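Visitor: I would be grateful for a close look at one helix pair in this structure, and then at what lies around it. Please proceed part by part.

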Amino acid sequence: MNLLTVEELSKSFGIKNIFDKVSFGIADGEKIGLVGINGTGKSTLLKVLAGKETADHGKITMVNNLQVEYLPQNPLFDEKATVIQQVFKGDSPVMHLLLEYKKSIDLLNSNPGDQELQKQMLQLGQQMDSMDAWQLESEAKTVLTKLGISNFNSPVAALSGGQRKRVSLASALINPANLLILDEPTNHIDNETIAWLEQYLQKRKGALLMITHDRYFLDRVVDTIWELDNAQLYQYKGNYSTFLQLKAAREEQQESSEKKRQNILRKELAWIQRGAKARSTKQKARINRFELLKESNPELSQSKLEISVEASRLGKKVIELKHISKKFDHIEILRDFNYIFAKNDRVGIVGPNGSGKTTLLNIIARRLTPDSGKVEQGTTVKIGYFSQDNAQLNEGIRVIDYIKEVAEYLPTSDGGMISASQMLDRFLFPPKVQWTTISKLSGGEKRRLYLLRILMECPNVLLFDEPTNDLDIQTLTILEDYLDDFNGTLMVVSHDRYFLDRTVEKILAFSDNGEIIDFVGNYSEYQKFIQNKRQEQERTNDKPEKKNKQQSVEKKKEKSLKFTYKEQKEFEQIEDVIAEVEGELEVVQQKINEAGSDYEALQKLLTSQQGLENRLEELMNRWTYLNELAEEIEKKNKR
């Protein structure tokens with residue numbers, strides 16, 4: 001059953017069609033990913049469906065009592081609200097009730113003897129019981145904690161941009177909704193949080209429509225892809241991998257149809273040029289057909305974005321960091337850090353938000369001075385820094401002038417020259433857009449323009465700070481292709497797992513305690529390394545014997561292949577222990593649901609819950625190991 005049905009929906013800004021007579025439906029439980037080049041109108045379509053903007057034409061039909069929850073790309077916040085108050089600013093009756101209950105608690109704390117307030121609190125508590133709002137409050141606190149927000153009473157005004165986005169995301173997730181609409185939910189959150197959100201949305205009931213550039217996220221969460229291209233909406237059943245196959249087939253078919261049209265057009269043109277006289281009905285019909293063929297020039301997929309700028313020559317010495325240390329407000333971000341970046345290094349920099357990744361890039365780019373240590377740079381080094389803030393964009397000037405500030409002509413990788421206008425055209429800025437001011441571009445188009453300017457400076461050392469934020473997938477794909485042949489050094493701070501896997505060969509992993517791990521491999525290989533390291537640590541913790549004794553026991557096991565007395569006893573009891581821990585988890589979960597607004601108790605319960613979940617995971621890993629060993633022993637005994 002369709003929750004929402006759209007018929008011939010159209011929207012334009014000036015002379016630009018955003019979408020033109022598109023029709024579709026969203027079924028209950030369907031999970032849809034919306035993709036397309038920046039500036040094609042993806043965010044506008046979401047706003048129209050969420051009721052935040054109106055379409056020029058078309059009809060939107062919704063089922064009765066449809067609840068829609070929408071996360072915009074740049075959410076609005078009440079600067080005076082606390083985190084928990086901001087989360088409860090939904091439109092549903094239960095969210096209004098929760099917000100009213102929170103306000104009443106604050107009033108009662110200020111006026112504890114007010115009998116009228118006490119009576120009001122009693123009535124609100126009964127309503128909370130009838131609407132099962134206590135469970136929703138508990139879920140909100142759990143989701144906030146998972147998103148890295150633990151101080152529920154912290155004022156929104158004191159939060160960073162990334163933290164605010166998480167609060168808004170939490171509000172969207174816990175609001176009861178049949179249709180959840182998310183615009184770039186993975187922006188500004190770290191890799192671990194993205195992995196949690198991925199699992200949360202996989203399990204969530206109800207329909208989902210979202211825009212994201214995270215290709216792993218799309219592949220694992222959605223079952224349908226919509227592509228907005230040339231004001232038309234193309235629908236593909238399947239995840240992102242399936243979409244790539246189906247899109248290639250569609251474009252191949254379009255190109256084949258266009259070739260056929262061109263062949264017929266050439267034949268008709270030859271017939272016309274031979275001097276056909278429009279006398280007979282048959283001849284008139286053929287001339288009319290020729291005119292129709294000329295006018296039916298179809299708009300194929302948008303022109304391919306290309307990058308062909310040649311990098312400057314880079315010598316042997318690139319950048320060396322010697323004993324770098326940096327503190328902010330007495331918090332140590334970097335401590336005695338040493339590293340040598342060599343020519344053609346591809347380094348990914350990962351870690352939790354606030355752990356010092358951007359600080360490191362700013363020190364390398366000499367935008368920030370370390371407290372101690374020094375940065376040595378080779379004489380041929382030319383840095384291009386693609387930062388998060390688009391700081392170099394003057395929105396009052398024209399697009400073409402912004403690029404010409406760098407150069408009017410540039411050498412290309414094939415030995416030729418290319419003008420600023422041609423380069424803009426290759427970057428999907430047609431002539432009519434080139435002469436408009438930057439302020440008229442969408443957020444994604446500004447990021448693409450900023451990227452072009454950085455590349456046109458012909459750098460041989462590229463620093464990327466969250467390059468995938470607000471860039472569309474096609475731009476990222478072409479950028480990845482460019483980096484494959486980039487003859488220089490690359491350093492990338494990113495939470496985009498796919499982009500890291502495609503572009504880097506080393507990982508610098510920051511942690512909250514200031515430790516930095518240097519790992520050779522891409523991001524997925526690093527994750528596997530960390531997972532194996534944790535499992536190895538868990539196995540070590542499970543065995544109280546010394547290491548040399550462990551090794552001798554393992555060697556003996558290989559020879560005799562039988563349980564030790566301790567393992568036999570553990571094998572017999574482990575399922576009971578697992579059941580006991582699962583029971584404890586259920587009790588803690590029940591207490592969390594009953595905690596209400598006792599935040600101190602809730603924090604202790606959430607900590608206890610996390611400890612029990614970790615313990616359960618350790619037990620399950622041990623159970624798997626013992627069962628596999630039991631199977632091997634049984635096989636050997638049967639021989």
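Guide: In this predicted model, helix α4 (residues 115-130) and helix α5 (residues 133-146) have axes that come within 6 Å and cross at roughly 80 degrees. Angles of 65 to 115 degrees count as roughly perpendicular, and α4 and α5 are therefore roughly perpendicular to each other. On the α4 side the contact is made by Gly125, Met128 and Asp129, and on the α5 side by Ala133, Trp134 and Glu137. By character, the residues of this contact comprise three nonpolar, one polar and two charged.

Leu144 leads from this pair to the nonpolar interior, as residues 133-146 make up α5. Leu144 is listed with Phe88, Leu173, Leu182 and Leu201 as having the most contacts inside the largest nonpolar core, which has 50 residues. Helix α3 (residues 93-110) gives the most to this core, contributing seven residues. Leaving aside neighbours within four places in sequence, Leu144 touches Val83, Ile84 and Val87, and also Ile149, Phe152, Val167 and Ala170. A second core, separate from that one, has 46 residues, among them Met423, Leu449, Val492 and Ile507.

Further along the chain is a strand pair. Strand β8 (residues 224-229) and strand β9 (residues 232-237) pair in the antiparallel sense over six bridges, with Thr224 opposite Lys237 in β9. The two strands form a hairpin with two residues between them, and in its turn Asn230 has a positive phi of about 50 degrees.

Key: Residues numbered from 1 in each chain as written. Predicted model: local features only at pLDDT ≥ 70, side-chain atom pairs only at ≥ 80, totals over all residues. Heavy atoms only, no water. Core = buried A, V, L, I, M, F, W, Y, C linked by side-chain atoms within 4.5 Å. Buried < 20%, exposed > 50% of the residue type's maximum accessible area, 1.4 Å probe, protein only. Helix = DSSP H or I, 4+ residues; strand = E, 2+ residues; numbered from the N terminus. Contact = heavy atoms within 4.5 Å. Pairing = 2+ DSSP bridges. Axes fitted to C-alpha atoms, helices over the stretch in contact; angles between N-to-C directions. Parallel < 35°, antiparallel > 145°, perpendicular 65-115°, else oblique. Nonpolar A, V, L, I, M, F, W, Y, C, P; charged D, E, K, R; others polar.
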